[in-house]
Amino acid sequence: MKVIITGHTRGLGNRLYNFFLKDKNHSVIGLSRSQGYDLKYSLEKIIEIADGCDLFINNAYCGTAQNQLLQRLNGRVKMMIVSGSQGGYFSNLIPTDYGQHKKDLSELCHLISLDKNSNTKILHLDLSSLEGNDVDIDDPNNLKCDYLTALDDVVKTVDMWIQYPCFNNIRFNFKITDLLYDQISRKMGTKEELDVLLNKIKSASDIST
Ligand SMILES: NC(=O)c1ccc[n+]([C@@H]2O[C@H](COP(=O)([O-])OP(=O)(O)OC[C@H]3O[C@@H](n4cnc5c(N)ncnc54)[C@H](OP(=O)(O)O)[C@@H]3O)[C@@H](O)[C@H]2O)c1
């Protein structure tokens with residue numbers, strides 16, 4: 001397979017890049033700023049390179065670039081894996097550009113998957129905090145979390161999907177831990193709405209405290 005991946009030098013993208021690289025049946029191209037491919041300025045070049053590939057991994061986040069790549073490459077690549085974020089779920093509680101972009105991305109993936117004319121198979125990864133996540137807790141775009149998804153779990157899911165692309169969304173495990181609760185309430189400046197959410201979660205899972 002010809003595999004193209006954005007954001008291959010660190011984090012999840014790097015783990016996926018190395019996974020595909022070790023299989024000699026694949027040819028893999030990584031596109032990141034350090035290689036001269038900045039999603040902010042080189043979108044057209046990236047689309048040209050990815051056109052016609054078997055698998056495009058739309059991984060690096062840069063504003064609305066993931067959403068644009070999804071729309072522009074729909075129908076032009078056989079399969080596409082999109083790195084989303086459950087941060088989108090909190091976009092009502094803590095409005096950030098990041099949360100909004102990821103929410104839009106998730107919706108766009110779902111809509112495209114419903115289109116009878118689209119022949120691109122799409123997998124949206126609804127990611128929670130990833131192993132190695134070492135965020136700056138003062139960054140409004142980031143929530144520090146102590147419940148982490150192992151990168152290898154994502155790689156195994158991707159490996160399964162490319163063999164059986166019969167689903168289009170995966171939501172990885174995520175927990176509102178005490179640390180995350182503190183983070184969210186600090187960023188919101190109030191605990192009220194968050195407590196409503198927590199009460200909803202508690203009554204849904206029927207855990208008494
Ligand atoms: N980490 C988490 O906890 C987490 C949670 C939920 C969702 N996600 C999502 O998962 C994806 C990967 O996240 P990650 O944390 O693994 O990434 P990361 O460790 O922050 O690495 C980002 C990668 O993207 C590249 N990159 C950054 N800006 C770029 C740009 N403007 N143009 C091209 N390449 C760019 C970087 O390489 P260069 O510096 O060389 O460009 C690097 O390879 C992202 O879409 C992120 O939103 C992550």
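**Figure 1. Lys 103 is partly exposed, with 18 other C-beta atoms within 10 Å.** In this predicted model, Lys 103 belongs to helix H4, which spans residues 97-114. When neighbours within four places in sequence are left aside, the contacts of Lys 103 are Gly 88 and Ser 91. Glu 44 lies 59 residues from Lys 103 along the chain, and the C-alpha atoms of Lys 103 and Glu 44 are separated by 24 Å.

**Figure 2. Gly 99 is a buried residue of helix H4.** Gly 99 counts as buried because it has 22 C-beta neighbours inside 10 Å, where 20 or more are required. Apart from neighbours within four places in sequence, Gly 99 is in contact with Gly 87, Gly 88, Phe 90, Ser 91 and Ile 94. Tyr 89 and Gly 99 are 10 residues apart along the chain, with a C-alpha separation of 7.4 Å. Gly 88 and Ser 91, listed here for Gly 99, are also in contact with Lys 103.

**Figure 3. The protein chain contains 7 helices and 6 strands.** In sequence order, these elements follow the pattern β-α-β-α-β-α-β-α-β-α-β-α-α. The radius of gyration of the protein chain is 18 Å, close to the 17 Å given by the globule rule for 209 residues, so the chain is as compact as a globular protein of that length. Along the principal axes, the C-alpha atoms fill a box of roughly 55 × 35 × 30 Å. Of the 209 residues, 31% count as buried. Among contacts in the protein chain with a separation of 6 or more, 63% are accounted for by residues 24 or more positions apart.

**Figure 4. The buried residues of helix H1 (11-21) are Leu 12, Gly 13, Leu 16, Tyr 17 and Phe 20.** Viewed down the axis of H1, these buried residues fall within an arc of 135°, so they line one face of the helix. Their packing partners are strand S1 (2-6), strand S2 (27-31), strand S3 (55-58), strand S4 and helix H5 (151-163).

**Figure 5. The largest nonpolar core comprises 33 residues, of which Phe 56 and Val 82 touch the most other members.** Helix H1 provides the largest share of this core, with 4 residues. A second, separate core has 6 residues, including Ile 94, Leu 143, Cys 145 and Ile 184. Which residues does Val 82 touch, not counting those up to four places away in sequence? The residues touched by Val 82 are Asn 58, Gln 66, Leu 70, Leu 105, Cys 109, Ile 122, Leu 123, His 124 and Leu 125.

**Figure 6. The ligand is surrounded by 25 residues, of which Gly 7, Gly 11, Arg 33, Ser 34 and Ala 60 come nearest.** By class, the shell around the ligand consists of 8 nonpolar, 13 polar and 4 charged residues. At least two shell residues are supplied by each of helix H1 (11-21) and strand S4 (79-85). Helix H1 gives the most to the shell, with 3 residues. H1 thus appears in two views, as it also gives the largest share of the largest nonpolar core.

**Figure 7. In helix H6 (residues 178-188), the buried residues are Leu 180, Gln 183 and Ile 184.** These residues cover an arc of only 90° around the axis, which puts them on the same side of H6. Helix H7 (192-205) is included in what covers the buried residues of H6. Gly 189 follows H6 and has a positive phi, near 80°. Ile 184, one of the buried residues of H6, is also a member of the second nonpolar core.

**Figure 8. Met 188 of helix H6 is partly exposed.** For Met 188, 15 other C-beta atoms lie within 10 Å. Neighbours within four places in sequence left aside, Met 188 is in contact with Leu 93, Ile 94, Glu 193 and Leu 194. Ile 94 is also in contact with Gly 99 of helix H4. The C-alpha atoms of Met 188 and Leu 21 are separated by 42 Å, and these two residues are 167 residues apart along the chain.

Technical notes:
Residues are numbered from 1 along each chain as its sequence is written. This is a predicted model: local features need pLDDT of at least 70, side-chain atom pairs count only at pLDDT 80 or more; totals for chains, interfaces and linings use all residues. A residue is buried if 20 or more other C-beta atoms lie within 10 Å of its own, exposed if 12 or fewer, and partly exposed in between; C-beta atoms are placed from the backbone. The arc is that of the directions from the helix axis to the C-beta atoms. Two residues are in contact if their C-beta atoms, placed from the backbone, lie within 7 Å. A residue is near a molecule or strand if its C-beta atom, placed from the backbone, lies within 6 Å of it. Ala, Val, Leu, Ile, Met, Phe, Trp, Tyr, Cys and Pro count as nonpolar, Asp, Glu, Lys and Arg as charged, and the others, Gly among them, as polar. A nonpolar core is a set of buried Ala, Val, Leu, Ile, Met, Phe, Trp, Tyr and Cys residues joined through C-beta atoms within 7 Å. The radius of gyration is taken over C-alpha atoms; the globule rule is 2.2 Å times the number of residues to the power 0.38.
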